[in-house]
Amino acid sequence: MRPAIATAAAVTTLIGLGAAAIAAGRYASDAALKAQPGQPLPGEPRPTVHATADGQVTLTRSLATQRPGTYALHGKDVHAVVGPVLNGVSHPVDTVVRRLERVSRGSLEPGSRVRLTPQVHSGDPSSALGLAHRDVDIPGELGTLPAWFVPGPRETWVITVHGLGATREHPLNLLPFLHAQRFPVLDIAYRGDQGAPRPPDGLGHLGDSEWRDLDAAIRFAVRHGAEHIVLHGWSTGASMALHAAANSALRDRISGLVLDSPVLDWEATLRNLAAHRTPAALLPLAVRAAQGRTGLHGDRLLNASDPKSLRVPTLIFHGPDDMLAPWQRSRELAARRPELISLHTVQHAPHAAMWNADPAGYEEVLRRFLTPLM
């Protein structure tokens, strides 16, 4: 082969490989950047319903279906709530039996595939919990943001913000507790959620831009009587809370942060999400593609979560079984400011399911944290 032809062939091959690498990186980064609210995240188990009986349901045995605590089973036209694993009940060795608390929609049919999710309730505060609420519209930079407001007599409001793969139904897990503590609660949707504006690029930014919708909710709360605000965020919602505490013009009104399964290292979380559909060799491409498509930059999150810049009491719920957001970063953050940051370690809980593993324990820790902030 002549040198010129060989060079041209080599260049063409490199261009082809480069284009393939870029395409692969974009495909891999979609695992996180295009995660749909309320839809399964990559790698989430979908067990099969094998049988039901009075107060119990039999599911395919897996690590997920054997976890302690309270979860929902969500599938096509069905939503049910399950409690702990039942011991002493006869069942095939490849299955597990859990207590069936209730079926709130549809019916559990043998053979159906379901999603085991920490989002226990389906509906709004009134229909799901019997708590009077108002549907409110929050003016945001991209348009109107829908939210649920449950009134309470205190001047300290709690603003709740969900995370990856969830909707504003997820914070309903805690709404009865917060209502019993007499807090007004504003449970928000943000860009990309149903009824909220679409992000301009159609992509999620892991809290890096979404936090401005939380900032809009803070302004709304202050205009409507909030003297102080506690931000309670899950997953990327926790990252949004950190951004708001660092950057909001009204950050002086923020009196406390509750961070559940916080995403403190977006690169690690993106790699963990992409790993379920991407060969390991392509994971660095996924990170670079995500950064190129969204402008994500680790320094902004690092600055927001810098323990030296935190100025308000902060409670972190996290544990070693979180396979999406590394627990180690939460441990490091708490260790650097022990006088201001408390870490409550939760065992046997997946991402954003710290309450589900031990609802009573979670709420007692939260009660002790919130009491001086009331």
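## A loop residue to start with

Arg 182 has its place in the loop between α3 (175-180) and β10 (185-188). Its phi is near 70°, a positive value in a residue other than glycine. Most residues other than glycine have a negative phi. Is Arg 182 buried or exposed, or something in between? At 46% relative accessibility, Arg 182 counts as partly exposed, because partly exposed covers the range between under 20% and over 50%.

Ala 352 offers a second case. Its phi is near 65°, again a positive value in a residue other than glycine. Ala 352 is found in the loop between β14 (341-345) and α10 (354-357). At 8% relative accessibility, Ala 352 counts as buried.

## The chain as a whole

This is a predicted model. The chain has 374 residues, and 52% of them count as buried. Its secondary structure comes to eleven helices and 14 strands.

Now look at contacts between residues at least 6 apart in sequence. Of these, 75% join residues at least 24 apart. The chain exposes about 16,200 Å². Carbon and sulfur atoms supply 53% of that area.

## Helix α4

Helix α4 takes in residues 211-223, which makes 13 residues. How far apart should its ends be? At 1.5 Å a residue, the helix should span 18 Å. The end C-alpha atoms are 19 Å apart, which agrees.

α4 is mostly covered, with ten of its 13 residues buried. The buried residues include Trp 211, Leu 214, Ile 218, Phe 220 and Val 222. Asp 213 and Asp 215 are buried too. After α4 comes Gly 225, whose phi is positive, near 110°.

## Two nonpolar cores

In soluble globular proteins, nonpolar side chains tend to be buried together. Here, the largest nonpolar core holds 41 residues. Which of them touch the most other members? They are Ile 138, Ile 159, Leu 186, Ile 188, Leu 214, Leu 231 and Leu 257. α4 gives the most to this core, with eight residues.

Apart from this core lies another, of 30 residues. Among its members are Leu 172, Phe 183, Val 230 and Phe 317.

Back in the largest core, take Ile 138. Leave out residues up to four places away in sequence. Ile 138 then touches Gly 143, Thr 144, Leu 145, Ala 147, Leu 186, Ile 188, Ala 216, Ala 217 and Phe 220. Of these partners, Ala 216, Ala 217 and Phe 220 are buried residues of α4.

## Rings and charges

A search of the whole structure finds two aromatic pairs. One of them joins Phe 317 and Tyr 362. The ring centres are 3.7 Å apart and the planes are at 10°, so the pair is stacked. Planes under 30 degrees apart count as stacked.

Where do the two partners lie? Phe 317 is in strand β13 (residues 314-318), and Tyr 362 is in helix α11 (residues 359-370). The pair therefore ties together parts that are 45 residues apart in sequence. Phe 317 is buried, with a relative accessible area of 0%. Tyr 362 is buried as well, at 1%.

Charged groups also meet rings. The charged end of Arg 168 sits over the ring of Trp 148, 4.1 Å from its centre. The charged end of Arg 154 sits over the ring of Phe 183, 5.7 Å from its centre. Phe 183 is also listed in the core of 30 residues.

## Leu 315 in strand β13

Strand β13 also holds Leu 315. Leu 315 is buried, with a relative accessible area of 3%. What does Leu 315 contact, leaving aside its neighbours within four places in sequence? Its partners are Leu 257, Val 258, Leu 259, Ser 342, Val 365, Leu 366 and Phe 369.

Phe 369 is 54 residues from Leu 315 along the chain. Their C-alpha atoms are separated by 7.3 Å.

## Ser 107 in another loop

Ser 107 is found in the loop between β5 (95-105) and β6 (115-117). At 43% relative accessibility, Ser 107 counts as partly exposed.

Ser 107 touches Asp 77 and Val 78, not counting residues up to four places away in sequence. His 79 is 28 residues from Ser 107 along the chain. The C-alpha atoms of Ser 107 and His 79 are separated by 7.8 Å.

How values were computed: Residues are numbered from 1 along each chain as its sequence is written. This is a predicted model: local features need pLDDT of at least 70, side-chain atom pairs count only at pLDDT 80 or more; totals for chains, interfaces and linings use all residues. Side-chain values use heavy atoms; hydrogens and water are left out. Helices (H or I, at least four residues) and strands (E, at least two) are DSSP runs, numbered from the N terminus. The expected span of a helix is 1.5 Å times one less than its number of residues. Buried means under 20% relative accessible area, exposed over 50%, partly exposed in between (1.4 Å probe, protein chains only). Rings of Phe, Tyr and Trp (its six-membered ring) pair if their centres lie within 6.5 Å; planes under 30 degrees apart count as stacked, over 60 as edge-to-face and the rest as tilted. A charge sits over a ring if NZ of Lys or CZ of Arg is within 6 Å of the ring centre and within 35 degrees of the ring normal. A nonpolar core is a set of buried Ala, Val, Leu, Ile, Met, Phe, Trp, Tyr and Cys residues joined through side-chain atoms within 4.5 Å. Contact means heavy atoms within 4.5 Å. Accessible areas come from the Shrake-Rupley method with a 1.4 Å probe; for residues, only the protein chains shown count as cover.
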